[in-house]
Amino acid sequence: MRIGYFLSSEEYTPAELIEQAKLAQDAGFSGLWISDHYHPWNDAQGQAPLVWSLIGALSQVVTIPVTTAVTCPIMRIHPAVVAQAAATSAVLHEGRFVLGVGTGEALNEHILGDAWPSAGERLEMLEEAVHVMRELWDGGFVNHRGTHYTVEHAQVYTRPETPPKVYMSAFGPKALELAGRIADGFMSVAPVAEHVEAFRKGGGGDKPVQGGFKACFAKTEDAGVRIAHELWANASVPGELSQVLPSPKHFEQASELVTPDMTREAIACGPDPAKQAAQLKKYKDAGFDEVYVANIGPHYADLIDLYKREFL
C-alpha cells in the first residue's frame, strides 16, 4: 500500500500548502491529495483557496501525482469548465493529475442560490457531468443537450496526450454502483472493506482504490486531541449532515454534539507512530491500494518527519 499526503485547503494558506507539498515529496510520500472547497467546515479552520490556482502552483514545485479530493463538477462550476481546468492541470503535471469527483456538499455548492438536489439526482448529474468532460477531453467541438447540462460548440484546446483519469468518491450502494460503472478509481475516507468489494464487483475490477484520514501531531496525545477537537470536531458529525448543512456556522453548531473523546477515537493524535500505524492498517486490511494522511494543526513538518522516519 502506497502512502501519500493530503493537503487540507480548509485549514492552510496557499504558501503553507505549497510548503507541505515540497516537504512531503522530499520525505518520500508517493502522491498528493488536495481538497476542493469554497468554504472551510468551520471558521476556526479559516481557509479556502481556489484549488485550481494551487494545482498550477504545485506543478512548479513537485513531480509526484496530484489528485483532487474531491471536486464536485455538478453545480458551483459547470462540468465544461471543470473539463478545461482538469485538462490544463494534467498538462502542467505532465499526465500525473487525477480528477477526483463526488456529489459534493451543500456547504460549497449552494452559493449560487440553486436548490440542493437529492442524493439520487446529484448522482444523475455527476454521471452526466463525467460524460460531458470525457467528450471534451476527446477533442473536437462538443454539442450536448442533456437532462442537466447544455454545452454548445465547446472545444478544449489545451489537452494532455492522455485524458485525465476520473476517480470517484462514494459511500452508499447507488454511489458505489455508479463508481464501479463509470470511474477509473475509487476514493473514500472510510476504511470499509465492503465498499471496496462493492466497487470492484460493480465494474471497478482491479482499478486503484484510494483512502484518506486525518492525524494531529503534537507533543502529547492530549495536546493533539485539543487541537483536533478545536479545528476538526466536524469530522465526527454523523450521517448525511456533512452533505446537507449549508454553512460553517451550521457545522459549528452540529459539532457541539461531538465530545473530545469522540475526536480522540476518530483521529490519530500525538507523537506515537503506533497510532499512525493502526490507522494505516485499517486501510490496508480493507483492501486499499493507496492512503493519504492529512495533518491537523501547526505541526505538519513534525508529522511529515515522523512518516519519513517510521513508514517511508
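**Reading a peptide bond, two backbone angles, helix packing and cores**

Biologist: Val-70 lies in the loop between β3 (66-68) and α3 (79-92). Is the peptide bond from Ala-69 to Val-70 cis or trans?

Modeller: Please bear in mind that this is a predicted model. In it, the bond that links Ala-69 to Val-70 is cis, and its omega is near -10 degrees.

Biologist: Let us stay with the backbone. Which sign does phi have at Glu-94, positive or negative?

Modeller: Glu-94 is not a glycine, yet its phi is positive, at about 55 degrees. The residue belongs to the loop between α3 and β4 (97-101). A relative accessible area over 50% counts as exposed; Glu-94, at 62%, is therefore exposed.

Biologist: Where does His-153 lie, and what is its phi?

Modeller: His-153 is part of strand β6 (residues 150-154). Its phi is positive, about 45 degrees, although His-153 is not a glycine. With a relative accessibility of 55%, His-153 is classed as exposed.

Biologist: I should now like to read helix packing. At what angle do the axes of α1 and α2 cross?

Modeller: One reads the angle between the two axes and then its class. The axes of helix α1 (residues 14-27) and helix α2 (residues 51-58) cross at roughly 40 degrees and come within 10 Å. Angles under 35 degrees would count as roughly parallel, so α1 is oblique to α2. The handedness of this crossing is right-handed.

Biologist: Which residues of α1 and α2 meet?

Modeller: From α1 come Pro-14, Leu-17, Ile-18 and Ala-21, and they meet Leu-54, Ala-57 and Leu-58 of α2. By class, the residues of this contact are seven nonpolar, no polar and no charged.

Biologist: How far apart are the axes of α6 and α7?

Modeller: The axes of α6 and α7 are 7 Å apart, and the helices pack at an angle of about 45 degrees. That angle makes α6 oblique to α7, and the crossing is right-handed. On the α6 side the contact involves Leu-176, Glu-177, Ala-179, Gly-180 and Arg-181, and on the α7 side His-195, Ala-198, Phe-199, Gly-202, Gly-203 and Gly-204. The residues of this contact comprise four nonpolar, five polar and two charged.

Biologist: Which residues of helix α6 are buried, and what covers them?

Modeller: In helix α6 (residues 173-182), the buried residues are Ala-175, Leu-176, Leu-178, Ala-179, Gly-180 and Ile-182. Their cover includes α5, β7 (165-169), β8 (185-188) and α7 (193-204).

Biologist: Why does one look for nonpolar cores?

Modeller: In soluble globular proteins, nonpolar side chains tend to be buried together. Here the largest nonpolar core has 73 residues, of which Tyr-5, Phe-29, Leu-32, Leu-99, Met-168 and Tyr-307 touch the most other members. Helix α5 (residues 119-137) supplies the largest share of this core, nine residues. Another core lies apart from it and has 19 residues, including Val-225, Ala-233, Ala-254 and Ile-296.

Biologist: Which residues does Leu-99 touch, not counting residues up to four places away in sequence?

Modeller: With those sequence neighbours left out, Leu-99 touches Trp-52, Thr-68, Thr-71, Val-82, Ala-86, Met-133, Trp-137, Lys-165, Val-166 and Tyr-167. Leu-99 is also one of the members of the largest nonpolar core that touch the most other members.

Note on methods. Residues numbered from 1 in each chain as written. Predicted model: local features only at pLDDT ≥ 70, side-chain atom pairs only at ≥ 80, totals over all residues. Heavy atoms only, no water. Axes fitted to C-alpha atoms, helices over the stretch in contact; angles between N-to-C directions. Helix = DSSP H or I, 4+ residues; strand = E, 2+ residues; numbered from the N terminus. Parallel < 35°, antiparallel > 145°, perpendicular 65-115°, else oblique. Left-handed = near helix turned anticlockwise from the far one by under 90°. Contact = heavy atoms within 4.5 Å. Nonpolar A, V, L, I, M, F, W, Y, C, P; charged D, E, K, R; others polar. Core = buried A, V, L, I, M, F, W, Y, C linked by side-chain atoms within 4.5 Å. Buried < 20%, exposed > 50% of the residue type's maximum accessible area, 1.4 Å probe, protein only.
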